[in-house]
Each structure stands twice: as C-alpha cells, then as structure tokens.
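Trainee: Could you walk me through a few labels people put on residues? I'd like to hear what backs each one up.

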Amino acid sequence: MIKLTIKRIAELANVSTATVSKVLNGKDKNISEATRRRILEIVERENYRPNRIAKGLKLKKTNTIGLIVPDIKNLFFAEMAKGIEDAAEKKGYSVILCNSNNNRDKEEKYINMLQDRMVDGIILTTSENNIDLYFRDGQVPIVLLDRNIDADLNIGRILTDNEEGGYIATKHLIDKGCKNIGFISSINKNFSSYNRFIGYKKALLESGYKINEKLIYTGSFSIETGYNGTLELLKNSELDGIFCGNDYIAIGAIKALKEKNIKIPDEVKIVGFDDILLAKYMEPPITTIRQPIYDLGKEAVNMLISIIDKKDTEMTKILKTELVERGSS
Ligand code: RIB
C-alpha cells in the first residue's frame, strides 16, 4: 500500500519516489522547503493512509498505544483496559483496543496492523494457548501484560504472582478442612494457569496430600469449563473443595453444584481467581484470589511509556495477589 502511494505522490508532486520517501521518513534536510511542503500537502489532500505514517515518521511519535486483549467479554480484561486507558490519557496517549478472541493468528495480525499504524508501543495479553513466539526483537516496544511468554526478548512484562495465588487459594481450602481438592482451569500451557497449578500442587504436597489426576480438569477460562469440570470431578464422591482458575470457572462450578443439590460451602467449598466485579454478587459470594487488575493496566502503561521514552525502567514487574474470603468457602 505504501509503495503504491509513494509512487502516486511522486507523480502528483512531479518528483522522484526517492524524494517522497525521504520526506516521509523525515530525512529531508537536503530537500527544498517548497518541495517538502508540496509533497506533504498532497499526502494530506489525497487523504492516503500515509498521512498518518508521514506525520508519525516526521514526528517519530503518534502518542498512540496499541492494546491487544484475548477476550473483551471477560470483565477481567474490561477492568484492565480501564486502568490502561485512564493511565494513557493522563500521559497524553490514546489507545487502540484490539480483541484477539483467544486466536493466536489474529493476535499476530493485530501486532502487524498496529505497527503499520505507527503506534508508539503495544501492550499484549496473549491468547490462552499461545506459547510460541511470533514477534521479534527490535519491533515496536512491547509490554506483555498478565500472561508471560518464556522467551529471551528485550520486552517488558507486568505479571501477577500466579504461583503464590494458587498456593494461597489451595492452602485456604486445606485450612477449612478440605481433603479432596479439585483444580479446574485453562489449559496448562498458559503461564497464568500453569503457575496457579504449580501453587495448587505445592500447597497439597506441603500438607501431605497426594496429587490426584482425577481431581484435575483443564479447559478454558470459562463458565462452561467450570460447569463441565465440576460434573466430571463429582464422579469422585469424596470431592470437598475446588480451586477454580478464574471467577468464571467458579461461577460454572457453583451452577453445577446447585443443580446436584450440593451445599456450598458445607459440602463443597469453592475458591476462584481474579475478583471480577461479579464475584461478590454471586450466591454464595465467591471467595477468590484478588488480582490488582486496574493497577496491572496502569503499571503496563507506565512501563511502556518509559521504554518508548528510552528511560531506565525495570523490564519485569510482578504484582501481588490477596485472598478475599466470602461465602463460597
Ligand atoms: O479471567 C481471565 C484470566 O486470564 C485471568 O485470571 C487473567 O489472569 C488472565 O490470565
């Protein structure tokens, strides 16, 4: 698209394509002001996409941040996006929000689209099962938010201590007297879920319990996974507690238990993860591991803008979680 546009602009301005490229790339010190102005006026008048590119290249900044989230329906990402937008606005940046719908190829398409649109940086939460790497060093500054990718790349990372959160959730169920505790979560390749699983196992083993594969069910961070996973775990009649990988899974688990007339928390106790707005309004209100969701977004913006402005900044920041005890445990 740019090549075709540069050719067209060169014809209209009666200059070479090399001259147009120099002007669009801000390398125009040897070009007369009249020629430079004529080229930029054509770019503006023809309203080609390069006018954003020309402006961006000339100024080297567009004061725009790209944000890619995996599931815009999930209240976790809605609150996170609010933290991002509020922090960006305070710093004079606007945000282009993209929803990858948990599709890795769509994620990659958006990374490329955002770079074409000359964003100054990108904040990315990868899809649930994306663990492979498709972006390279030296592209536009990127901050991974919430979900890590295990790669030696000079990119920022704002994460939560998921292992500690999983440990606290499971230890809470053990302290409440549970002896057959299930784990239902997203597929374990996803770092958020995998590290919660590590914390779950650590708490069980530390208290002398064995890991029972029949009490582990993985799917996605969804109500359906919570519902179907609980029905599966209930085949073990000893089940007395479930650590759910996020609050939507906990909502599905509660629905399944209620359909089976199983009392919560007397017969089966439930702990979720995130503390989305809905958690405290469920019946029973969900005991959960609160993530600092709004602050995760704010910290991601602060880190990204420090990287954009080439300021010294720590490239990995891990925020703490906390147990919020309610009626489901
Ligand atoms: O609810 C969505 C989940 O995916 C959250 O736990 C968050 O950590 C993200 O990884």
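Mentor: Sure, let's start with Pro284, which lies in the loop between S9 and strand S10 (287-290). Helices (H or I, at least four residues) and strands (E, at least two) are DSSP runs, numbered from the N terminus. The peptide bond from Glu283 to Pro284 is cis, with omega near -5°. One caution: this is a predicted model, where local features need pLDDT of at least 70, side-chain atom pairs count only at pLDDT 80 or more, and totals for chains, interfaces and linings use all residues. Residues are numbered from 1 along each chain as its sequence is written, and side-chain values use heavy atoms, leaving out hydrogens and water.

Trainee: Asp275 sits in the loop between S9 and S10 too. Why is Asp275 called buried?

Mentor: Buried means under 20% relative accessible area, exposed over 50%, and partly exposed in between (1.4 Å probe, protein chains only). Asp275 has 12%, so it counts as buried. Its phi is near 65°, a positive value in a residue other than glycine.

Trainee: And what makes Met118 partly exposed?

Mentor: Its relative accessible area is 22%, which lies between those two cut-offs, so Met118 is partly exposed. You'll find Met118 in the loop between helix H6 (104-116) and strand S3 (121-124). Phi of Met118 is near 60°, again positive in a residue other than glycine.

Trainee: How do you know that Leu75 is partly exposed?

Mentor: Same test: Leu75 has 32% relative accessibility, so it counts as partly exposed. Look for Leu75 in helix H5 (residues 75-90).
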